[in-house]
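Q: Please take a close look at one helix of this model and describe its surroundings. A connected account that then turns to the aromatic rings would be welcome.

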Amino acid sequence: MAKKSLVIVESPTKAKTIRKFLPPDYIVEASMGHVRDLPQSASDIPEKFKKEEWAKVGVNVDQDFEPLYVVPKGKSKILTDLRRKMAECETLYLATDEDREGESISWHLLETLKPKIPVKRMVFHEITKAAIQKALKDTRELDFRLVKAQESRRILDRLVGYTVSPLIWKKIAYGLSAGRVQSAGLRLIVTRERERMRFKSGEYWDLSAVLTAKGVDFEAKSLALNGTRIATSKDFDEATGKLFKPDDVTLLNSRQAQDLATAVKSGAFRVVSVEEKANQQRPPIPFITSTLQQEANRKLGLSARDAMRVAQSLYEQGYITYMRTDSPSLSQEAIGGARNAVAELFGKEYLSAEPRQFSAKNKGAQEAHEAIRPAGAEFQHPKETGLSGREFNLYEMIWMRTLACQMAEAKKLSLSVRLEVSAGKDVVMFGANGSRILFPGFLRAYVEGSDDPEAELLDREVVLPELAKGDQAKAKNLSADVHHTQPPARFTEASLVQQLEKEGIGRPSTYASIIDTILDRGYVRKLGNALAPTFTGIAVVQLLERHFNNLVDYKFTSEMERRLDEIAEGTREWLPYLKEFFSGKDGLAAQVKSQDKAIDPEASRTIHLEHLKNIDIKIGRYGAYLVKPGTKENDFEKATIPDEITPADLTQSQVENLLEVAKRGPESLGKDPETGLDIYLLSGRYGPYVQLGPVTDDQPKPKRASLMKGMDPKTLTYDDALKLISLPRTLGLHPVSGKPVQANQGRFGPFVVHDGDFRSLKKDDDLFTVTLARGLELLAEEKKGRRGPQALKDVGEFEGHQIQIMDGKFGLYLKWDEVNAQIPKDLKANELTLDQAIEIVKARREVAPAKPKRGRKKP
């Protein structure tokens, strides 16, 4: 009988890919991620520790920071199955990812399985036949330095979260939290919002012209008046809206600009200088985690989290190298693969003169050891992969970027032309800039931030006529243009990742979770692609800055990461560092104890915005609201701030309007003809709404209806209010059940409903005129939603039964016979193959065998 070996990885997808490259006597199984963790709730704490105060945190700080590890729900069956498989084997291979978290998962497996057979650590940064066979040959011992670094990180995160967060609950509002890296990341966003609040806009004017010479039209802008440069946005102080050095520039006003435009329009524009400059542009370096997330956001519109999920799926399927890395270096194999692909696709003239190699800027780079690139020695062309959707787009982007880094520099010729024109006694200088691409080089394959390199090449060329000193041009069109300086741009996910990396906050594997956490907590909201803090987010940062400044200090946070790197390198001991951070004289425990009484809850819930006068903002149980001192002592005006208003965009006029509406109380638009009650227009946390009658003891919750999309409260009419307050509309009785059929609006738009059965109205249906006949027609259609699990697709047959993709209460899953298996998050249901589905079903069946079908017992 052949000797068997057990190989354990994290996911079924990774297991399936690796299985292809191993002999049949190697059993490959998935642990489904971590098999142990700190307790997530009181119910997870083992009975013998429930009375211990430290058990609530999950770390016994008095016993050398000993963590309390528990097996999460659902993982016991997986461990039982792994032990059963291990009993059949003579060697155990731990093949989890090669970073700290992967090393930690392997250690937890070792601790829980307690194998009595030889154990080997198997590491690789790509899942190809050559890489797996090499990893099988070159195994190593578990690296306990990486394990301790990851465990220290986990303990630090738990200590910060579980000691500071309860303080924030007490001082601001229940359910809020602080985190070791999330709070510093949040402060970046809040700081940028404060800069926007302090910003004062400046106005400046200039002239723009469409000139023509030698039969070619080209654009030019005014640069100087009588030898003095005309002011542009860079000359303004953002804090005052005034010029930094008013004596060094000419600031045109409306009248001056209009007069100059009129004076020069018919004049002769004389060329006074022509400068040509050849330059080269080098290609960007290969992707690391942070740059991949940034480009995926800019080019593909993917969030940091989605980019990492798709990248992980590509890695586990064997398409790319490991996706968590801050090293841009390439192996000789990768360099050869890239150069061969460039020569084949673009020609040898597009290759760089010498192979390029890259090194990490961060000397503490501790993740994988190579850039993110296509796997293997021969790069698979995107069109030959069979990938689709987001997986195809991300793979193609990685493939093109890797090829580009081994391509020749782009060669360009820049042309700068200066022209002068008289305006009476004044002389105005105009400038025109052109560019020509002499050799596109790497731009044929990859342009940062652009989806289409070929189109980008065309856009980058600006053609000017062949001009020489003394030549003349005429104006075909000339205008005076007004400009206003703009406040600092809010962070996008891409720019935030870039800033997190620059400040040393977190590591590649944590950027996505930082963004997810601050969004999920309600500290930040998205405005398109921009990230704007909420008033609650500002309050949390404000409290931390005042009382726990080191937790949001960028240098302190970066230093923590550096020390964790040193633990991973073996140059720093983990226990002394934890003791210093938490239990030291100025440690976190002492800070929390001293600050508990010092923090004033009222002050913590109060925000004062610099750009608003005589106004405070309070954080209440139901959100933020305005407070303005009244004319009498202890007399205050209050008004709820709608959630859609961001801090920097809240103006004084908006404040006064909100307070005035609240002060006047409910404003009647007229009386409801059926009840005789007033219909009021009000504004609340979730925006404007209408209300039928006042709030009274007899009627504490009067009928209300939110304004529909596109309705403006300023122009809302009495007739509009009557329609809204009429909802839900009863269309009539159902001919079969005799129960009412109603039309109403909800979170996802207008709908009809009968006896709990809902259907959305179509685009051409009007909520206020839809008839019973139309409602019955919609209700007769097949439901797209669900009242129970809905079968979405038959994937194929396996062992005599169909595998179906089901849509259930908790999301999509696979159903086969009596086995239900959740679809891994890294897989797209609509792109799931039969082979993938079978692997998922097999994994689930082995962990939780199908129950025998019920039937009559045999006599």
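A: The glycine that follows the helix is a convenient place to begin: H9 is followed by Gly318, whose phi is positive, near 90°. The model is predicted, so local features need pLDDT of at least 70 and side-chain atom pairs count only at pLDDT 80 or more, while totals for chains, interfaces and linings use all residues. Residues are numbered from 1 along each chain as its sequence is written, and side-chain values use heavy atoms, with hydrogens and water left out.

Helices (H or I, at least four residues) and strands (E, at least two) are DSSP runs, numbered from the N terminus. Helix H9 covers residues 304-316, and its 13 residues should span 18 Å at 1.5 Å a residue; the end C-alpha atoms are 18 Å apart, which agrees. The expected span is 1.5 Å times one less than the number of residues.

Buried residues of H9 are Ala304, Ala307, Met308, Val310, Ala311, Ser313, Leu314, Tyr315 and Glu316. Buried means under 20% relative accessible area, exposed over 50%, and partly exposed in between (1.4 Å probe, protein chains only). An α-helix has 3.6 residues a turn, so residues three or four places apart point the same way. The cover over the buried residues of H9 includes helices H1 (12-19), H8 (289-300), H11 (389-404), H13 (493-503) and H14 (511-520).

One of these covering helices, H8, leads to the aromatic rings. The structure holds 15 aromatic pairs. Rings of Phe, Tyr and Trp (its six-membered ring) pair if their centres lie within 6.5 Å; planes under 30 degrees apart count as stacked, over 60 as edge-to-face and the rest as tilted. The rings of Phe287 and Tyr446 have centres 6.3 Å apart and planes at 80°, so this pair is edge-to-face. The pair links distant parts of the chain, 159 residues apart: Phe287 is in the loop between strand E10 (269-281) and H8, and Tyr446 in the loop between strand E12 (426-439) and helix H12 (453-460). Both Phe287 and Tyr446 are buried. Elsewhere, Phe346, Tyr350 and Phe439 form one aromatic cluster.

As for the whole chain, its secondary structure comes to 24 helices and 31 strands, and 50% of its 859 residues count as buried.

Terms used
Contact = heavy atoms within 4.5 Å.
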